[in-house]
Amino acid sequence: IIVVGNEKYPYLVRSNQNIYRKFYLDNNRNLYVEEYTGEVWVKTLLRNQVTDYSVDIDKHDKIHIIYITPQGEMKYTFYPFNGNDKTLANLNLRSGSIQYLSLKVIGYDIHIFYMVRSNNKSLRWSIYHSLWHGSNWKSTKITDVISKNYLIPYSIDINKNNLYVLYSKDSDKSFGI
């Protein structure tokens, strides 16, 4: 199982059966998937007007998707879709912004990482981790960082069911894990 991607670049997902899928946003912020059938890529529109998104695949080849609508709804769904996109949160995007979604599925736990900026002109962001475990959501602030607009200020890695967050406190010299 391979997942590579972020908000600016496509996610490439390979299943255990070597089925490749590419998830991406077009110039109009519409979310698409392209599936490789062995000879050609078949393109399908998944959702219109997506502000940000992230994709992960679990050990059973189920593809999980998290995305944010322009109205500030953080939604969770699966691909192929079952018709039930679950709204996880309603965010006020007028007073700030949320970006850099990162979805990780470990066992039956769903981990969502994201950054929140309360003032759209500020370089100060807060990194958050939301966890779905059992039947409960728990959200925790990890740290505050100073981030320039062109950098993705954190990265998530998994090793033996442990999650690691590597981040830059100041987008330059100070790093933490």
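Glu-35 and Arg-21 are joined by a salt bridge in this predicted model, and their closest N and O atoms lie 3.0 Å apart. Because Glu-35 belongs to strand S4 (residues 31-36) and Arg-21 to strand S3 (residues 20-25), the pair ties together parts that are 14 residues apart in sequence. The two partners differ in their cover, since Glu-35 is partly exposed at 21% relative accessibility, whereas Arg-21 is buried with a relative accessible area of 14%.

A second contact links these strands, for the side chains of Lys-22 and Glu-34 meet in a salt bridge with 3.7 Å from N to O. Lys-22 lies in strand S3 and Glu-34 in strand S4, so this pair ties together parts that are twelve residues apart in sequence. Here Lys-22 is the partly exposed partner, with a relative accessible area of 28%, while Glu-34 is buried at 13%. In general, side chains of opposite charge can pair when their charged atoms come close.

The structure holds four salt bridges, and the table sets out three of them, including the pair of Lys-141 and Asp-144.

| Salt bridge | N to O distance | Relative accessible area |
|---|---|---|
| Arg-21 and Glu-35 | 3.0 Å | Arg-21 14%, Glu-35 21% |
| Lys-22 and Glu-34 | 3.7 Å | Lys-22 28%, Glu-34 13% |
| Lys-141 and Asp-144 | 3.1 Å | Lys-141 42%, Asp-144 25% |

Both Lys-141 and Asp-144 count as partly exposed.

The next topic is strand S8. This strand, which spans residues 73-79, is mostly covered, with six of its seven residues buried. On one side S8 pairs with strand S7 (residues 63-68) in the antiparallel sense over six bridges, and within that pairing His-64 stands opposite Phe-78 of S8. S7 and S8 form a hairpin with four residues between them, and in its turn Gly-72 has a positive phi of about 95 degrees. S8 is also joined by four bridges to strand S9 (residues 86-90), again in an antiparallel arrangement, where Met-74 has Ala-89 in S9 as its bridge partner. The hairpin of S8 and S9 has six residues between the strands, and Gly-83 takes a positive phi near 90 degrees there.

Aromatic rings form another theme, as a search of the whole structure finds eight aromatic pairs. One of them joins Tyr-36 and Trp-41, whose ring centres are 5.3 Å apart and whose planes meet at 50 degrees, so the pair is tilted. Tyr-36 is partly exposed, with a relative accessible area of 34%, and Trp-41 is likewise partly exposed, at 40%. Tyr-76 and Phe-78 form an edge-to-face pair, with 5.3 Å centre to centre and 70 degrees between the planes, and both of these residues are buried.

Charged side chains also meet aromatic faces. Lys-62 lies over the face of Phe-78, at 4.0 Å from the ring centre, and Lys-43 lies over the face of Tyr-32, at 4.5 Å from the ring centre.

Finally, the surface carries a nonpolar patch formed by Tyr-164, Leu-166, Phe-175 and Ile-177, which together have about 460 Å² of accessible area. Ile-177 lies in the segment after strand S16 (175-176), and this residue is exposed, with a relative accessible area of 75%.

Key. Residues are numbered from 1 along each chain as its sequence is written. This is a predicted model: local features need pLDDT of at least 70, side-chain atom pairs count only at pLDDT 80 or more; totals for chains, interfaces and linings use all residues. Side-chain values use heavy atoms; hydrogens and water are left out. Rings of Phe, Tyr and Trp (its six-membered ring) pair if their centres lie within 6.5 Å; planes under 30 degrees apart count as stacked, over 60 as edge-to-face and the rest as tilted. Buried means under 20% relative accessible area, exposed over 50%, partly exposed in between (1.4 Å probe, protein chains only). A charge sits over a ring if NZ of Lys or CZ of Arg is within 6 Å of the ring centre and within 35 degrees of the ring normal. Patches are made of residues with over 30% relative accessible area and no salt bridge: like charges are joined within 9 Å, nonpolar side chains (Val, Leu, Ile, Met, Phe, Trp, Tyr) within 5 Å. Accessible areas come from the Shrake-Rupley method with a 1.4 Å probe; for residues, only the protein chains shown count as cover. Helices (H or I, at least four residues) and strands (E, at least two) are DSSP runs, numbered from the N terminus. Two strands pair if DSSP finds at least two bridges between them.
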